[in-house]
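Grab a pencil and work through these exercises with the structure open beside you. Try each task yourself before you read its solution.

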Amino acid sequence: MSRRRRKTGKNPYARPDRYTVLAKKEGFAARSVFKLDEIQRRYRVLRQGDRVVDLGCSPGSWSRFAHRIVGGTGQIVGVDIEPPADPVGEVLVESVFDLEPESLVEALGGPAGVVLSDMAPRTTGNVLGDHVRQIELVTRAMELARAVLRPGGNAVVKVFDGEDAHAFVQAQRPHFTKVKRARPEAVRRSSREFFLVCLGAKAP
Ligand SMILES: C[S@@+](CC[C@H](N)C(=O)[O-])C[C@H]1O[C@@H](n2cnc3c(N)ncnc32)[C@H](O)[C@@H]1O
């Protein structure tokens, strides 16, 4: 009887990769922190003293990373439907579709300097369906961002690429001085995600 070989290398989530190992070692709850880290090194979106909104903040690595940069004079408010395992600052446990911009500004103590969104729906494997639901999430993220950002503020949002992504990107351009697409090294090869980096919010 021939011995069956165990299948390996098919599922990118099956075993911890170097970013997962490094995240744990550096005290972060998720490997996705390295996506924000690369964006920060390239665009300096976060600065000391900033008020930051982190949409889809669970389990908490982006908030913790942002906190290390903005320091004690800054402020972090996270939002998620799931409470984060590693909370930082104030957390509003609710859907972004139920959230009013005024609640964010009140929790922050003023307009935001930065809005982050790493939000993703529970994926189903249906690429088109996942794309459509993610575009709804990121569209809501940018509605909130435009309502709460101070002039000159920045936003970084995750987008699942697909047929509605181009129109979504174009719709953000008039509201910011610069809008860039970024695909950090830590994004898995099999993933359709990219990040939209929106710099210098224009006054409404
Ligand atoms: C990839 S995880 C974010 C990881 C996080 N940036 C970190 O580094 O720890 C995506 C998050 O989006 C959240 N999410 C999905 N739909 C949401 C909604 N309608 N409102 C708020 N959060 C949502 C999920 O619950 C999930 O925690």
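**Exercise 1: Around the ligand**

By class, the shell around the ligand holds 14 nonpolar, six polar and three charged residues. Keep in mind that you're looking at a predicted model.

*Task.* Find out which residues come nearest to the ligand, and which elements give two or more residues to the shell.

*Solution.* Start with the shell, which has 23 residues. Of these, Gly56, Ser58, Ser61, Ser95 and Asp118 come nearest to the ligand. Next, look at the elements: α3 (61-70) and β2 (75-80) are the ones that give two or more residues to the shell.

**Exercise 2: Two helices meet**

*Task.* Describe how α2 packs against α3: what are the angle, the axis distance and the residues that meet?

*Solution.* First, the geometry. Helix α2 covers residues 33-43, and its axis runs 9 Å from that of α3, at an angle of about 35°. The crossing of α2 and α3 is right-handed.

Now the contact itself. On the α2 side you'll find Val33, Leu36 and Asp37, and they meet Ser61, Trp62 and Phe65 of α3. Sort the residues of this contact by class and you get four nonpolar, one polar and one charged.

**Exercise 3: Walk across the sheet**

*Task.* Put the strands in order, then say which ones sit at the edges.

*Solution.* Step one: the open sheet has seven strands, and they run β3-β2-β1-β4-β5-β7-β6, with mixed pairing. Step two: β3 (90-93) and β6 (176-182) are the edge strands, since each pairs on one side only. Step three: ignoring direction, neighbouring strands of this sheet are turned by 15° against each other on average.

**Exercise 4: Zoom in on β5**

*Task.* Is β5 paired in the parallel or the antiparallel sense with β4, and how about with β7?

*Solution.* Take β4 (residues 112-117) to begin with: β4 and β5 pair in the parallel sense, over five bridges. One bridge to try finding on screen joins Leu116 to Val156 in β5. On to β7: here the pairing with β5 is antiparallel, over six bridges. Phe160 has Glu193 of β7 as its bridge partner.

What about cover? β5 spans residues 149-160, and nine of its 12 residues are buried, so the strand is mostly covered, where buried means 20 or more other C-beta atoms within 10 Å.

Helices lie on the sheet too. Helix α4 (residues 101-108) lies across β1 (51-55), β2, β3 and β4, and runs at about 145° to β2. Helix α5 (residues 127-148) touches β1, β4 and β5, and its direction makes about 175° with that of β5.

**Exercise 5: Buried or exposed?**

*Task.* Work out why Ala29 and Lys202 count as partly exposed.

*Solution.* You need one cut-off here: 20 or more other C-beta atoms within 10 Å means buried, 12 or fewer means exposed, and anything in between is partly exposed. Ala29 has 18 C-beta neighbours inside 10 Å, so it counts as partly exposed. Lys202 has 13 within 10 Å, so Lys202 is partly exposed as well.

Now place them. Ala29 is in the loop between α1 (18-25) and α2. Leaving out residues up to four places away in sequence, Ala29 touches Pro59, Gly60, Ser61, Ala85 and Asp86. Pro84 is 55 residues from Ala29 in sequence, yet their C-alpha atoms are 9.4 Å apart.

Lys202 sits in the segment after β7 (193-201). With the same neighbours in sequence left out, Lys202 touches Pro151, His175, Phe176 and Thr177. Ile81 is 121 residues from Lys202 in sequence and 30 Å away, C-alpha to C-alpha.

Terms used
Residues numbered from 1 in each chain as written. Predicted model: local features only at pLDDT ≥ 70, side-chain atom pairs only at ≥ 80, totals over all residues. Near = placed C-beta within 6 Å. Helix = DSSP H or I, 4+ residues; strand = E, 2+ residues; numbered from the N terminus. Nonpolar A, V, L, I, M, F, W, Y, C, P; charged D, E, K, R; others polar. Axes fitted to C-alpha atoms, helices over the stretch in contact; angles between N-to-C directions. Left-handed = near helix turned anticlockwise from the far one by under 90°. Contact = placed C-beta atoms within 7 Å. Pairing = 2+ DSSP bridges.
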